[in-house]
Structures are given as structure tokens and as C-alpha cells.
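Visitor: I would like to learn how to read a model like this one. Could we go through a few features in turn?

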Amino acid sequence: MASTTKEKMSVRHLLVVLTGIMITFGCSALCFSTWGLFQPVVAEGLGVETTAFAMYVTVMYLTMTVASPFAGKLLQTMDIRILLSGSALLVGAAFVLMSFSNTIVLFYVAAVMLGLGEITLLWLAVPTLINRWFADRAGFFIGLCMAFTGIGGALWSAVFTALRTSGMDFHTIYLIWAVIALVTSLPFTLFCVRNSPEDCGLAPYGAAAAAANAGKAVKPTGLSAKRAMKTPAFYAVCVFAGIINIAILIAMQFPTYTKSLTDVAFDVVVVGGIMTTVMMVGQAIFKVTLGAVADKSAKGALVFAFAAGVAGILLCWFGVFSEYVLYVGAFIFGGCYATAVVLVPVVVRQSFGTREYSLIYSRVSTVFNLIAAFASMIWAWIGSSFGFDAVFIVGLVMLVVILLLGLFVFADAKKYKSEWTE
């Protein structure tokens, strides 16, 4: 029977996944997974406070906030190859600018360029493309693509640590980052992806089985963007995603945290770098796991991520007697870090459907990037003003709020399922 025949995936479907993997492995991992390592180094090199460097991340998130609704519309109407390639060029150019920057102001200019590029590359393109090309196992493939921010982050963090240990200046490292960003993105964004499977005479993966089971062709269904934005669930998921984006960035403070430790038996600089690397490995593994679990139970994935966040923070907080306990804590915290780019798009899809997914998700992205825009400054300020005990306490409170908001979204979204249309 058609409904029991395992559907074969075309080369085109695989190339879409490969493109998602490469843009997260290169451009996005370099941007989001290594700035915490640069923070103390650049701040010292430019003679500024760490909060001044953290402002560069704030500028990047604010840029993504402003650009998100426009990027969402462009994804609906523009050739994805042009949009993704232009975004990759912006990221590469931003790293080049930072490689020549001797003032923090130019870092802020580069942050605008990074925000314009990354809002499409990381936050919108992968979930939008996967939801267009995959009617089945979308959560798994989003998780697989997003895992490479962690895999890339682990690799580039190790490369950064090695280059700094050899005495290389951060300006040169940024130039290397620019080359890596362009080489790992442009060949794929230009040649391996198309807007939708229909452009290639194909159907979304899993659509044939769903159509056979339903007895008719399956079309995208869900709430309209206009209707979705009038529901309590929409506003709750925006705040939910925003607080997640704040909470997970505790991990970017690991190098600064270890440098604040005294009377320990290990090299605090090396351990901070390794904690970041280990966390990146953890989030890579957990992104794939969370994506697969979320396809079956988004609520179960949320509870798992909450538990990982709590356990990771407690181990990092109280495990200073051994660097190995710190590594375990950082690895486990990766399970929470994975939620921003894997669980949030799955929750949006399950709550509002796929009918106008890119428009709805771009609006969610606008709100959560605005909330998260000040995250790096918040953590830097709390850490420098009140110490890292306060950082970890605030982080634990945020995790509880995230759990409660997530459970509310699941409950409220059920009320509108009857309003879904094609």
C-alpha cells in the first residue's frame, strides 16, 4: 500500500538539507558561537570594558529585530539563492571590517551587517526551507541543520583557542573567519537550493504518504498570520522565545566566568575555552535529539531542555573544585542551548500550522530578537556588578519562566486548531 511504502528522498531534498547545514556550520557558528571567546580578548585589545564589546551583540540583535519582518516578506517573494548569497556576503564583509577595526565603533557597524545577514541565514531560512521541503520529519531536519552551529562552534572555538595560544592577534583571526564564512556558504547558496520543491517538479518529502492516508492532496494548513497575531499563544511564544534567547547566552560568559575564579588548581583561560567547546558539542548532539523528540512531543522536548538547563547551571556553579565537573555542566547545558533554534520553530509550526509559517515566524523572530538584544549586556553587567552567583540565580529563574510559558502556549494553541484552513 502507498501509505506503508517508505518514501525515497530526492537529491534535491538532500541538497536543501546540505545547504542548511553549511550556512549554520560556517556563517552562523562563526557569528553566534565564538563571540564569547572574542569578548575578553577584544575588550582588552581595544582598551574598553567588556560591556562595550557586549553592546556589539546588542546592535546585531536590534538589527535583526528591525530586519526580521522585511526578511520574512523577502523569503515569500524573492529567489532564495540571491537572498542567501547576499546575506552570506554581508557576514563575510562584516568579519573583514572587524579584522581592520581598532575602534569599538567599527565593531558596531559590523554588527549591523551581521544582523542583516544572520536574520535570514540562521533564524528564518532554515526553518522556512525545511518546512517547505519536508512535510514529514521537519523537526528532525531543522535540528540536524541547526546542530551544525554547535559542531561549527566547537570546531571554530578550538581553532580560536589554538590560534590565540600561538600568539595570533584577534584582527588576523577575524580575517580567517571571513574566508571561512564565504567558502562554506556561497557554493551551496548559489547552486544547491531552490525556493520550493514545486520549482523542481517535486513535492515535499512525506507529502505523498500523507496524501495517501488522507485520500487527497495535502496542502499547507494553519492560521493566517493576521489571526495568529491576535491570539494569546502568539504573544506568549514571542516572550517564551525571547527569554530563551537571553537564558542560553549564559554559556557565552563561560570564559569570563572562569577568569573570575580564584584559588583553583586549573588554568582558568584554557578551561573557559574548553567549556565553550564542550558546550558546542553538547548543543549539536541535543539539537538533533530535540528535533526528533519534538516531532513526536514538543512538550516532552521542552521539559527535557528545562532539566538540562537547570542541571548544567548547577554543575557549572558549584563544580569549580574540578574542571571536569565544569566540562560536564557545560555539555549538559547544551541541551538547553539547543531550544532557541530547534524547539521554537517547532512550537510555532505546531501552534499555528504551515499556511503562513514564514510570516508568523518572522514576527516571532522580531519580538524575541528585540528581547534578546540586550542579553549579552545584561549578563556582562550582572557578572561585573554582582558576581556570577547572581548570574546563575537569574538564569535559573528564567528557566522556570520559560517552562511555564511553554506549557501555556501548548494549552492555548489547542483552542484555535479548529480555525486552521488551507
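Guide: Start with one side chain, Lys415, which counts as exposed, with a relative accessibility of 57%. This is a predicted model, and every value here is computed from it.

Visitor: Which residue does the side chain of Lys415 meet in a salt bridge?

Guide: The general idea is that side chains of opposite charge can pair when their charged atoms come close. In this case Lys415 pairs with Asp412, at 3.4 Å from N to O. Asp412 is buried, at 3% relative accessibility, whereas Lys415 is exposed.

Visitor: How many salt bridges does a search of the whole structure find?

Guide: The search finds three. Another one joins Arg81 and Asp79, whose closest N and O atoms are 2.9 Å apart.

Visitor: Are Arg81 and Asp79 buried, exposed or partly exposed?

Guide: A residue is buried under 20% relative accessible area and exposed over 50%, with partly exposed in between. Arg81 has 26%, so Arg81 is partly exposed. Asp79 has 27% and therefore falls into the partly exposed class.

Visitor: Which residue forms a salt bridge with Glu419?

Guide: Glu419 pairs with Arg227, and their closest N and O atoms lie 2.7 Å apart. This pair links distant parts of the chain, as the two residues are 192 residues apart. Arg227 belongs to helix H10 (residues 225–228), while Glu419 lies in the segment after helix H19 (388–413). Glu419 is partly exposed at 33%, and Arg227 is partly exposed at 28%.

Visitor: What about nonpolar side chains: which residues form a nonpolar patch on the surface?

Guide: To read a patch, list its members, then look at where one of them sits. Here the members are Val96, Phe100 and Leu175, and together they have about 280 Å² of accessible area. Take Phe100, which is found in the loop between helix H4 (80–99) and helix H5 (104–133). Phe100 has a relative accessible area of 61%, so Phe100 counts as exposed.

Visitor: Over which residues does pLDDT stay under 50?

Guide: Where pLDDT is low, the predicted coordinates should not be read in detail. In this model that applies to residues 1–5, where pLDDT stays under 50. The model has three contacts beyond four places in sequence for residues 1–5.

Visitor: What pLDDT does the chain average?

Guide: The chain averages 88, and 95% of the residues score at least 70.

Definitions and conventions:
Residues numbered from 1 in each chain as written. Predicted model: local features only at pLDDT ≥ 70, side-chain atom pairs only at ≥ 80, totals over all residues. Heavy atoms only, no water. Salt bridge = Lys/Arg side-chain N within 4 Å of Asp/Glu carboxyl O. Buried < 20%, exposed > 50% of the residue type's maximum accessible area, 1.4 Å probe, protein only. Helix = DSSP H or I, 4+ residues; strand = E, 2+ residues; numbered from the N terminus. pLDDT = per-residue confidence, 0-100. Contact = heavy atoms within 4.5 Å. Patch = residues over 30% accessible without salt bridge, like charges linked within 9 Å, V, L, I, M, F, W, Y side chains within 5 Å. Areas by Shrake-Rupley, 256 points an atom, 1.4 Å probe, with all protein chains shown as cover.
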